[in-house]
Amino acid sequence: MINTSRTVEIARSWPKTIGILAAGIGLSWCSLDIALHWSPQVRSGSFIEFAGYFGLVFFPAGILAGLFGAIRFRGPLVTLSPEGFRDRRQARSTIPWTAIAEVRLVRIHRRKIIQLKLDPGFTGPLRKGIASMLAGGVLGSFKGIYIASFELAISFAELEALVLAYHRDHRPKS
């Protein structure tokens, strides 16, 4: 049984973060190899060459965004409390449980993700950027927050159990 009367802070996993950044560096290197035709198998004008050029932009941009996030968000990334939920990467302050209408678990390919569906009337402290655009319900997506554990110091199963327990115990009873 999870004690939901206390505040739980979930920190960043530095080994996972470094692994993600290292993968980005490796993919950037592969893109450079393809774009500069270091491999003789790449033909000029091919889709593979295009993918190499695309990767030269996409992967270094991801590395920079990851480094910026690692520097910007020191301390715990996710906080669960009786008052609400906060993912510092997506919200400036705590989102009360009363504003979270539903918790859904989804799979996108092999990745598990938690979706916190926000009440339609909620106008909360979401950060700017793609995450907040999705959270705002643009492009036909649901209005809510997406949470994955790939950067957190706990497993997805632990994160899922915590979020479900806090939501169950602190959402408005109808």
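Colleague: First thing I'd like to learn to read: what does Arg168 count as, going by its relative accessibility?

Modeller: The general scale is simple: buried is under 20% relative accessible area, exposed is over 50%, and partly exposed lies in between, using a 1.4 Å probe and protein chains only. Arg168 has 39% relative accessibility, so it counts as partly exposed. Keep in mind that this is a predicted model, where local features need pLDDT of at least 70 and side-chain atom pairs count only at pLDDT 80 or more, while totals for chains, interfaces and linings use all residues. Residues are numbered from 1 along each chain as its sequence is written, and side-chain values use heavy atoms, with hydrogens and water left out.

Colleague: Got it. Which residue forms a salt bridge with Arg168?

Modeller: A salt bridge here is a side-chain nitrogen of Lys or Arg within 4 Å of a carboxyl oxygen of Asp or Glu. For Arg168 the partner is Asp169, with the closest N and O atoms 2.9 Å apart. Asp169 has a relative accessible area of 31%, so it is partly exposed too. Elsewhere, salt bridges that share partners tie Arg12, Asp87, Arg89 and Glu151 into one network.

Colleague: How many salt bridges turn up in the whole structure?

Modeller: Five, from a search of the whole structure. One of them pairs Arg12 with Glu151, and their closest N and O atoms are 2.3 Å apart. That pair links distant parts of the chain: Arg12 is in the loop between S1 and H1, Glu151 is in the loop between S7 and H4, and they are 139 residues apart. Arg12 has a relative accessible area of 7%, so it is buried. Glu151 is buried as well, because its relative accessible area is 14%. Then there's Arg104 with Glu102, at 3.8 Å between the closest N and O atoms. Arg104 is partly exposed because its relative accessibility is 28%, and Glu102 is partly exposed because its value is 32%.

Colleague: You keep naming S1, H4 and so on. How many helices and strands does the protein have?

Modeller: Those labels are DSSP runs, numbered from the N terminus: helices are H or I runs of at least four residues, strands are E runs of at least two. This protein has four helices and seven strands. Starting at the N terminus, you'd trace them as β-α-α-β-β-β-β-β-α-β-α.

Colleague: And the inside? Which residues touch the most other members of the largest nonpolar core?

Modeller: A nonpolar core is a set of buried Ala, Val, Leu, Ile, Met, Phe, Trp, Tyr and Cys residues joined through side-chain atoms within 4.5 Å. The largest has 26 residues, and Ile10, Leu80, Phe85 and Leu116 touch the most other members. Two or more residues of this core come from each of strand S1 (8-10), strand S2 (78-80), strand S5 (100-108), strand S6 (111-118), strand S7 (144-147) and helix H4 (156-170). H4 gives the most, with five residues.

Colleague: Let's zoom in on Leu80. What does Leu80 touch?

Modeller: A contact means heavy atoms within 4.5 Å. Leaving out residues up to four places away in sequence, Leu80 touches, among others, Val8, Ile10, Phe85, Trp97 and Leu162. Across the protein, of the contacts between residues at least 6 apart in sequence, 61% join residues at least 24 apart.

Colleague: Now the outside. Which residues make the nonpolar surface patch?

Modeller: Phe47, Phe50, Phe54 and Phe58 make a patch of about 510 Å². Phe58 sits in helix H2, and its 48% relative accessibility is why it counts as partly exposed. Patch residues have over 30% relative accessible area and no salt bridge; nonpolar side chains (Val, Leu, Ile, Met, Phe, Trp, Tyr) are joined within 5 Å, like charges within 9 Å. Areas come from the Shrake-Rupley method with a 1.4 Å probe; for residues, only the protein chains shown count as cover.

Colleague: One last spot: where is Ser46 found?

Modeller: In the loop between H1 and H2. Ser46 has 14% relative accessibility, so it counts as buried. Its side chain reaches the backbone oxygen of Arg43 at 2.8 Å and the backbone nitrogen of Glu49 at 3.2 Å. His37 is in the loop between H1 and H2 too, and its phi is near 55 degrees, a positive value in a residue other than glycine.

Note on methods:
Polar contact = N/O pair within 3.5 Å; in protein donor to acceptor, adjacent residues only side chain to side chain.
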